Amino acid sequence: MGVRQMRDTILSNIRQSLNSARALPHLHTPIPLHLDPDRETLIAQFAAEWRALGGQFERVRAADAADRACELLQKLEARRVLMWDEAALPPALTGLKTMLERSGVTLVPQMIPRDAATRPGAAAAIEAAEAGLTGAEAAIAQVGAVALRSGPGRGRLASLLVPAHLVFVTPDQFYPTLADWWPRMSTEASNITLIAGPSRTSDIERVLTLGVHGPKQAIAICVD
């Protein structure tokens with residue numbers, strides 16, 4: 001096969017792949033930069049983008065937030081949960097730790113110890129967790145992504161390893177774009193993770209698959 005024929009074959013294969021590939025979710029009309037969107041507009045745009053990426057979104061009253069967290073975990077049949085410290089969650093979730101423990105949920109320690117004797121057992125417990133529950137630093141309306149800051153009491157595994165991730169945000173954490181939030185980002189952050197819906201990949205034969213590199217379900221809850 002000559003060089004030109006090989007080139008034509010490669011280009012033909014690329015065209016066929018592009019024609020049969022599943023399109024990316026439609027990006028909704030962005031908010032014009034010259035406007036100062038109100039909070040409801042930001043929340044609505046975030047919800048649309050987040051759902052377009054396969055995530056679930058809902059809003060709850062502050063008084064109902066802890067009960068709703070318990071309901072969602074029960075619906076997910078999650079009996080082992082990785083949860084951020086309550087100080088890193090919205091104030092409405094104060095007391096959630098006690099509620100979950102009373103309902104029979106096991107809160108798995110987020111950190112893997114360095115001690116060789118206890119490390120395997122701790123790692124196995126974390127791997128077996130069915131859900132993770134976190135707060136967030138920001139919710140970016142333009143792209144439907146939440147920003148999470150790791151640190152003490154804010155383990156990364158709660159949002160990256162578990163099959164289902166519940167992330168709680170408050171209305172004041174919504175921003176039009178990443179650039180709008182960036183100047184307000186905490187300088188104490190050792191790691192920032194941007195999450196836009198469930199984990200997804202199409203590396204294997206270009207078939208879109210959820211949950212390969214992270215949570216298969218991503219639920220964002222806005223606490224009003």
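A cavity is a set of grid points where a 1.4 Å probe fits but cannot get out, and its lining residues have an atom within 4 Å of a point. With that in place, good morning. The structure before you is a predicted model, and I shall present its cavity, its aromatic pairs and its salt bridges.

I begin with the cavity. Rolling a probe the size of a water molecule over the atoms shows where empty space is left. The structure holds 1 cavity of 30 Å³ or more, and the largest cavity contains about 40 Å³ of space. Its lining consists of W84, L148, R149, S150, R154, G155, R156, S159, N191 and T193. Sorted by class, these residues comprise 2 nonpolar, 5 polar and 3 charged.

One of the lining residues is S150, and I should like to consider its surroundings. S150 sits in the loop that runs between β6 (145–149) and α6 (157–160). Is S150 buried or exposed? Its relative accessible area is 7%, so S150 is buried, the cut-off for that term being under 20%. If we set aside neighbours within four places in sequence, the contacts of S150 are R156, S190 and N191. Of these contacts, R156 and N191 also appear in the cavity lining.

R149 is another residue of that lining, and it leads us to the salt bridges. Side chains of opposite charge can pair when their charged atoms come close. The structure holds 9 salt bridges, and I shall describe three of them.

In one, R149 meets E137, with 3.4 Å from N to O. This pair links distant parts of the chain, since R149 belongs to strand β6 while E137 lies in the loop between β4 (131–134) and β5 (138–140), 12 residues apart. R149 counts as buried at 14% relative accessibility, and E137 likewise counts as buried, at 18%.

Another salt bridge joins D224 to R59, and the closest N and O atoms are 2.9 Å apart. Which parts of the chain does this pair tie together? D224 is in the segment after β12 (217–223) and R59 is in strand β1 (residues 56–60), so the pair connects parts 165 residues apart in sequence. D224 is partly exposed, with a relative accessible area of 41%, and R59 is partly exposed at 34%. Together with E40, these residues are linked in a network of salt bridges.

Within a helix, K97 forms a salt bridge with E101, the closest N and O atoms lying 3.0 Å apart. K97 and E101 are 4 residues apart in helix α4 (residues 96–102), which means that about one helical turn separates them. Both are partly exposed: K97 has a relative accessible area of 39%, and E101 has 41%.

I turn finally to the aromatic rings. A pair of aromatic rings is described by the distance of the centres and the angle of the planes. In the whole structure, 4 aromatic pairs are found. F46 and W50 form a stacked pair, 5.5 Å centre to centre, with 25 degrees between the planes. They are 4 residues apart in helix α2 (residues 39–52), and therefore separated by about one helical turn. F46 is buried with 0% relative accessible area, and W50 is buried at 0% as well.

W181 and W182 provide a contrasting geometry. Their ring centres are 6.2 Å apart and their planes stand at 90 degrees, so this pair is edge-to-face. W181 counts as buried, at 2% relative accessibility. Lastly, ring pairs link F46, W50, F57 and F174 into a cluster.

Key: Residues numbered from 1 in each chain as written. Predicted model: local features only at pLDDT ≥ 70, side-chain atom pairs only at ≥ 80, totals over all residues. Heavy atoms only, no water. Helix = DSSP H or I, 4+ residues; strand = E, 2+ residues; numbered from the N terminus. Buried < 20%, exposed > 50% of the residue type's maximum accessible area, 1.4 Å probe, protein only. Contact = heavy atoms within 4.5 Å. 1 Å grid on protein atoms, 1.4 Å probe; cavity = no way out; pocket = protein on both sides within 12 Å on 5 of 7 lines; lining within 4 Å. Points joined across faces, edges and corners; volume = space filled by probe spheres on them. Nonpolar A, V, L, I, M, F, W, Y, C, P; charged D, E, K, R; others polar. Phe/Tyr/Trp six-rings, centres within 6.5 Å; stacked < 30°, edge-to-face > 60°. Salt bridge = Lys/Arg side-chain N within 4 Å of Asp/Glu carboxyl O.
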